Amino acid sequence: MLIKLSLVYILNHIKQMLEMKFNTYSNFPQEIHENFVKTYILPYRDKFEECIDLGCGAGGLIRELLKYRQCHIVGADISDLSINRCLENPAFKKEGVEFLLNGMMDLDKPNFKNRFDLIMSYSVLHIVPGDTPAKFKLLKHIAKPSAIIAIDSIPRITWNKIFFFLIRNTFKLGIGGTAIRWIGPIVLPHRSKDYIKELSHLDYMKDFSSSNFIDLSYFKSKEFRDSFKLLRLDIVPQDTFFTARRLRFVVKKL
Ligand SMILES: C[S@@+](CC[C@H](N)C(=O)[O-])C[C@H]1O[C@@H](n2cnc3c(N)ncnc32)[C@H](O)[C@@H]1O
């Protein structure tokens, strides 16, 4: 009996740890998604038919796109917490949004080939394990010819390597949450208390590895130029000078 109880306890603990790993940051202020959609999607095409949001989280980006474009949208996420949260949203049901519990790299199947004319993704590609060519191979596979691909992620640049080295190690030492709660209001004075509190729970930052960040030299490679046209690329501070640099780009599949 005691062994059985211990096993149940250990299994529950492992389950909690796994859920924690992909616990969605669901509380991105909506203005972040709004700016992304207005700057990196709307100017590039008036009509879309089939769209996908890779790593949709709680669906903030989908919600924003639906304000401006009528299209069929698929939200894919590796976390059942994210997908369940989206499924509970009556607005998504009404709009016929479809949700897939799927790791992004598992979309390499024949039924996803050439399927989407808009691929969007906010703050996900740098979490997905793998190198940049492999991620673009997947994007190429699921994109229709002439599709627009609009991505926010983290570039592999020196500033981010240093920044995430510090973040990763404070989380590994178990003081990441406390550090963010103390330093957050100083570095991010314009963000709400709730935002900073949720940031402090992002335990998965201890697994952030710069080998998964986006390699900027790939945009100059022949492989990239043979399959895509770069329409826009920006490297911007996430919030303030002291925070990570984001990579935002729009490419068109040839
Ligand atoms: C920082 S959150 C961003 C969520 C959402 N895109 C947003 O902007 O609110 C990262 C999301 O990526 C998801 N994710 C992590 N690895 C993934 C993978 N391999 N495939 C698909 N989704 C993944 C997580 O579950 C989480 O929902």
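**Reading a predicted model: helix 2, sheet and ligand shell**

Me: This model is predicted. Why is Ile 32 called partly exposed?
Reply: Ile 32 has 18 C-beta neighbours inside 10 Å. Buried needs 20 or more, and exposed needs 12 or fewer. The count of 18 falls in between, so Ile 32 is partly exposed.

Me: Where does Ile 32 lie, and what separates its C-alpha atom from that of Leu 61?
Reply: Ile 32 belongs to helix 2, residues 30–40. Its C-alpha atom is 8.9 Å from that of Leu 61, with the two residues 29 apart along the chain.

Me: What makes strand 1 and strand 2 a pair?
Reply: Pairing takes at least two bridges. Strand 1 (residues 50–54) and strand 2 (residues 72–77) have 5 bridges, in the parallel sense, so they pair. In one of these, Leu 54 has Ala 76 of strand 2 as its bridge partner.

Me: What makes strand 3 and strand 6 edge strands?
Reply: The open sheet has 7 strands in the order 3-2-1-4-5-7-6, with mixed pairing. Strand 3 (98–101) and strand 6 (228–237) each pair on one side only. The twist averages 15° from one strand to the next.

Me: Which strands does helix 6 touch?
Reply: Helix 6 (residues 132–142) packs on the sheet and touches strands 1, 4, 5 and 7. Its direction makes about 140° with that of strand 5.

Me: Which residues come nearest to the ligand?
Reply: Gly 55, Gly 57, Ser 79, Met 104 and Tyr 122, of the 23 around the ligand. Helix 3 (60–68) and strand 2 each supply at least two shell residues. The shell divides into 14 nonpolar, 8 polar and 1 charged.

Terms used. Residues are numbered from 1 along each chain as its sequence is written. This is a predicted model: local features need pLDDT of at least 70, side-chain atom pairs count only at pLDDT 80 or more; totals for chains, interfaces and linings use all residues. Helices (H or I, at least four residues) and strands (E, at least two) are DSSP runs, numbered from the N terminus. Axes are lines fitted to C-alpha atoms, for helices over the stretch in contact, and angles run from 0 to 180 degrees between N-to-C directions. Two residues are in contact if their C-beta atoms, placed from the backbone, lie within 7 Å. A residue is near a molecule or strand if its C-beta atom, placed from the backbone, lies within 6 Å of it. Ala, Val, Leu, Ile, Met, Phe, Trp, Tyr, Cys and Pro count as nonpolar, Asp, Glu, Lys and Arg as charged, and the others, Gly among them, as polar.
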